[in-house]
Amino acid sequence: MVDSAQPQTALITGASAGIGKAFAHLFAQNGFDVVLVARRQDKLDELANDIKKTHGQLAYVIALDLGDPDAPQRIFDWCQQHHVQVDALVNNAGYALNCDFLDADWEEHRAFIQVMMTSVVHLTHLFSKGMKARGRGRIINLASIAAWAPQLKGNLYNAAKAFVLDFSQAIDLELKPHGVHCTAVCPGFTFSEFHDVMGNRKTVSRLPRFLWMTAEEVAQEGFDAVMEGKAVHVPGLVNQGVSQVMAMLPPRVKEFLSKQQKIM
Ligand SMILES: NC(=O)c1ccc[n+]([C@@H]2O[C@H](COP(=O)([O-])OP(=O)(O)OC[C@H]3O[C@@H](n4cnc5c(N)ncnc54)[C@H](OP(=O)(O)O)[C@@H]3O)[C@@H](O)[C@H]2O)c1
């Protein structure tokens, strides 16, 4: 996949912070030019400059809100207009709403579904056609160990991540024979801005250090997994153990745990 004779480009959503930022550095370090997508233009510009200086790769910035249903098509059109061929796509942008279902208005849920699921599918649909035609490509979709977790009261996050996990496996099955690999990367607790945005930093900071990974560790494992053509990867031994136990829980036990509301 990494062919120094031929420049390659990775497009990373949610590149302004956390795991996305770590992916951007990692792809650039491995010889890819990068297209950086998120809302905060200042953070993306800063990262683009850093990547050019540190890794000597081209870094493009597209600042937009993935909650806008037109965003995936605008990103694709921008790449076409600027003759940027995307060889690797990282659907990483994400967040969680921290409230009961009926306490958020419909616009909040609509935007959440758009960012977490629809934009992932739409960007994959737009960019994987070219990858298939060229006979090579890599797609990383950020799911979570929450995909296997018991449900939390009124929370759409676990459902969204279960969707991303299943969707990624289905796409990998279709595209693998054409040289395009799609990997669902399923992290557990990762140091980033995620829990600050969610507003539960105080609660999660009480969790022991061994449950946490750095964004750089998660990105490295995700990068290796997609290059090896793995359909699903859970970074870290602790997360692998936790996700396997959760996946094996009988529905009644899951229901019991959900009612305790003490899973995450
Ligand atoms: N951290 C964890 O413990 C953890 C665990 C499992 C899975 N994950 C998943 O990993 C992925 C990355 O999360 P992270 O931990 O790196 O979180 P983070 O540090 O909060 O970064 C999230 C990124 O998503 C972008 N983003 C959020 N809403 C957006 C929108 N509407 N339009 C465009 N970009 C948007 C943010 O950029 P702007 O604010 O600049 O738009 C930011 O770059 C997410 O999919 C998350 O669900 C995280």
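Helices H1, H5 and H6 each give at least two residues to the shell around the ligand. I start there because the shell is what I will talk about for the next few minutes. One caution before going on: this is a predicted model.

The ligand has 31 residues around it, and those that come nearest are Ser16, Arg39, Asp65, Tyr157 and Ser192. Sorted by class, this shell holds 15 nonpolar, eleven polar and five charged residues.

Now the polar contacts, three of which I will name. In Lys161, an N or O atom of the side chain is 3.0 Å from an oxygen atom of the ligand. With Glu193 the backbone takes part: one of its N or O atoms lies 2.9 Å from a ligand oxygen. Phe194 also uses a polar backbone atom, 3.2 Å from an oxygen atom of the ligand. As for cover, the ligand taken alone exposes 890 Å², and the protein buries 96% of that.

Where does the ligand sit? The space it takes is the largest pocket. That pocket holds about 1,200 Å³ of space. Its lining counts 49 residues, with Gly94, Tyr95, Ala96, Tyr157 and Phe194 nearest the centre. Helices H1 (18–29), H4 (106–134), H5 (157–175), H6 (194–198) and H7 (201–204) are the elements that give two or more residues to this lining.

Which element supplies the largest share of the lining? It is H6, with four residues. By class, the lining of the largest pocket divides into 24 nonpolar, 18 polar and seven charged residues.

That is the ligand and its pocket.

How values were computed: Residues are numbered from 1 along each chain as its sequence is written. This is a predicted model: local features need pLDDT of at least 70, side-chain atom pairs count only at pLDDT 80 or more; totals for chains, interfaces and linings use all residues. Side-chain values use heavy atoms; hydrogens and water are left out. On a 1 Å grid over the protein atoms alone, a cavity is a set of points where a 1.4 Å probe fits but cannot get out, and a pocket is an open set with protein on both sides within 12 Å along at least five of seven lines; lining residues have an atom within 4 Å of a point. Grid points are joined across faces, edges and corners, and a volume is the space filled by probe spheres set on the points. Ala, Val, Leu, Ile, Met, Phe, Trp, Tyr, Cys and Pro count as nonpolar, Asp, Glu, Lys and Arg as charged, and the others, Gly among them, as polar. A residue is near a molecule or strand if one of its heavy atoms lies within 4 Å of it. A polar contact is a pair of N or O atoms within 3.5 Å; within protein, one must be able to donate a hydrogen and the other to accept it, and residues adjacent in sequence count only if both atoms are side-chain atoms. Accessible areas come from the Shrake-Rupley method with a 1.4 Å probe; for residues, only the protein chains shown count as cover. A molecule sits in a cavity or pocket if more than half of its atoms lie within 2 Å of its grid points.
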